[in-house]
Amino acid sequence: LGARNLYFSPNYLGNWDEPARERFEAGLLALGERMLFHFRRGCDLRVDPLNGKIITHLLEGSGRPIAQCGFGCDELAIAPSGRIYPCDRLVNQDDNEELCIGDLERGLDLKKRNALRRSKARVEPKCRDCELRERCSHWCGCANYETTGSVARSSDLICYFEGAFIGEADRVANLLFEENNPAFLRRFYLPLVPMLQRTS
């Protein structure tokens, strides 16, 4: 249909039994193949989360500014009621006092917002030594909350999805890089030159 920016996200609340995971892996492989097809035709395409995982490889981790989460600071969500949440994904039915960080009448509850951000920023022991940690979205408070009920705790399901996304992104990127694909190099390498110069 001509769309150039595509964003996919798994339904973390789904039933991810073995058959569902097999269908997901087949779909992810098909997505990677479609990405390869379009880049080989010269199309400049952004397909996330694969795009983001390629960037985290090039920038050596997700801690660089391009991938940081604006949870409660650079990003706020206002429910129709006027209640404020740190991210749009946490509004849901607008009935969660734990995640509400203020309202339009009284403003932000900075103490509560800061406590949620500190909690989300903690690195779990199981993540500390993981070789994918710097490229993983274990820091996403929303995905964590959806799968564990805590913005601070990452689930095994998140580990599964993140490993799959990183693996497929690396497969696609390695093939296109080895082919010296012009559209791929323009998309991922030219924009990073000034950013890498600023952060080096």
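This is a short chat about the fold, surface and salt bridges of a predicted model.

Q: What's the pattern of helices and strands along the sequence?
A: The order is β-α-β-α-β-β-β-β-α-α-α-α-α-α. That makes eight helices and six strands. Keep in mind that the model is predicted.

Q: What box do the C-alpha atoms fill?
A: Roughly 55 × 45 × 40 Å, taken along the principal axes.

Q: And how much of the protein is buried?
A: Buried residues make up 44% of the 200 residues.

Q: What about contacts between residues far apart in sequence?
A: Take the contacts between residues at least 6 apart in sequence. Of these, 60% join residues at least 24 apart.

Q: Give me a buried residue. Is Ile 166 buried or exposed?
A: Buried. Its relative accessibility is 2%, and under 20% counts as buried. Ile 166 is in helix 6, residues 156-178.

Q: Which residues does Ile 166 touch, leaving out those up to four places away in sequence?
A: Lys 53, Leu 132, Arg 135 and Cys 136. There is also a C-alpha separation of 9.8 Å between Ile 166 and Asn 51, which sit 115 residues apart along the chain.

Q: You mentioned Arg 135. What does Arg 135 form a salt bridge with?
A: Asp 170, with the closest N and O atoms 2.7 Å apart. The pair links distant parts of the chain: Arg 135 is in the loop between helix 4 (125-128) and helix 5, while Asp 170 is in helix 6, 35 residues apart.

Q: Is Arg 135 buried or exposed?
A: Arg 135 counts as buried, at 11% relative accessibility. Asp 170 is partly exposed, at 24%.

Q: How many salt bridges does the structure hold?
A: 13. Side chains of opposite charge can pair when their charged atoms come close.

Q: Which residue pairs with Arg 40?
A: Glu 179 forms a salt bridge with Arg 40, and the closest N and O atoms are 2.6 Å apart. Arg 40 lies in helix 1 and Glu 179 in the loop between helix 6 and helix 7 (182-188), so the pair ties together parts 139 residues apart in sequence. Arg 40 is partly exposed at 43%. Glu 179 is partly exposed at 39%.

Q: And Glu 146, what's its partner?
A: Arg 89, with the closest N and O atoms 3.2 Å apart. Glu 146 lies in helix 5 (residues 141-148) and Arg 89 in the loop between strand 4 (84-85) and strand 5, so this salt bridge ties together parts 57 residues apart in sequence.

Q: Which residues are linked in a network of salt bridges?
A: Glu 33, Glu 168 and Arg 171.

Q: Switching to the surface. Which residues form the nonpolar patch?
A: Leu 76, Ile 78, Leu 104, Leu 108 and Leu 110, with about 450 Å² of accessible area together. Leu 104 lies in the loop between strand 5 (102-103) and strand 6 (107-108). Leu 104 is exposed, at 60% relative accessible area.

Q: Which residues gather in the patch of negative charge?
A: Asp 17, Glu 18, Glu 22 and Glu 25. Glu 25 is in helix 1, residues 18-40. It is partly exposed, at 41%.

Q: How far apart are the mean positions of the positive and negative charges overall?
A: 4 Å, for 28 positive and 29 negative charges.

Q: Last one: what's the total accessible surface?
A: About 11600 Å², of which 52% belongs to carbon and sulfur atoms.

How values were computed:
Residues are numbered from 1 along each chain as its sequence is written. This is a predicted model: local features need pLDDT of at least 70, side-chain atom pairs count only at pLDDT 80 or more; totals for chains, interfaces and linings use all residues. Side-chain values use heavy atoms; hydrogens and water are left out. Patches are made of residues with over 30% relative accessible area and no salt bridge: like charges are joined within 9 Å, nonpolar side chains (Val, Leu, Ile, Met, Phe, Trp, Tyr) within 5 Å. Accessible areas come from the Shrake-Rupley method with a 1.4 Å probe; for residues, only the protein chains shown count as cover. A salt bridge is a side-chain nitrogen of Lys or Arg within 4 Å of a carboxyl oxygen of Asp or Glu. Helices (H or I, at least four residues) and strands (E, at least two) are DSSP runs, numbered from the N terminus. Buried means under 20% relative accessible area, exposed over 50%, partly exposed in between (1.4 Å probe, protein chains only). Contact means heavy atoms within 4.5 Å. Lys and Arg count as positive and Asp and Glu as negative; His and the chain ends are not counted. The place of a charge is taken as NZ of Lys, CZ of Arg, CG of Asp or CD of Glu.
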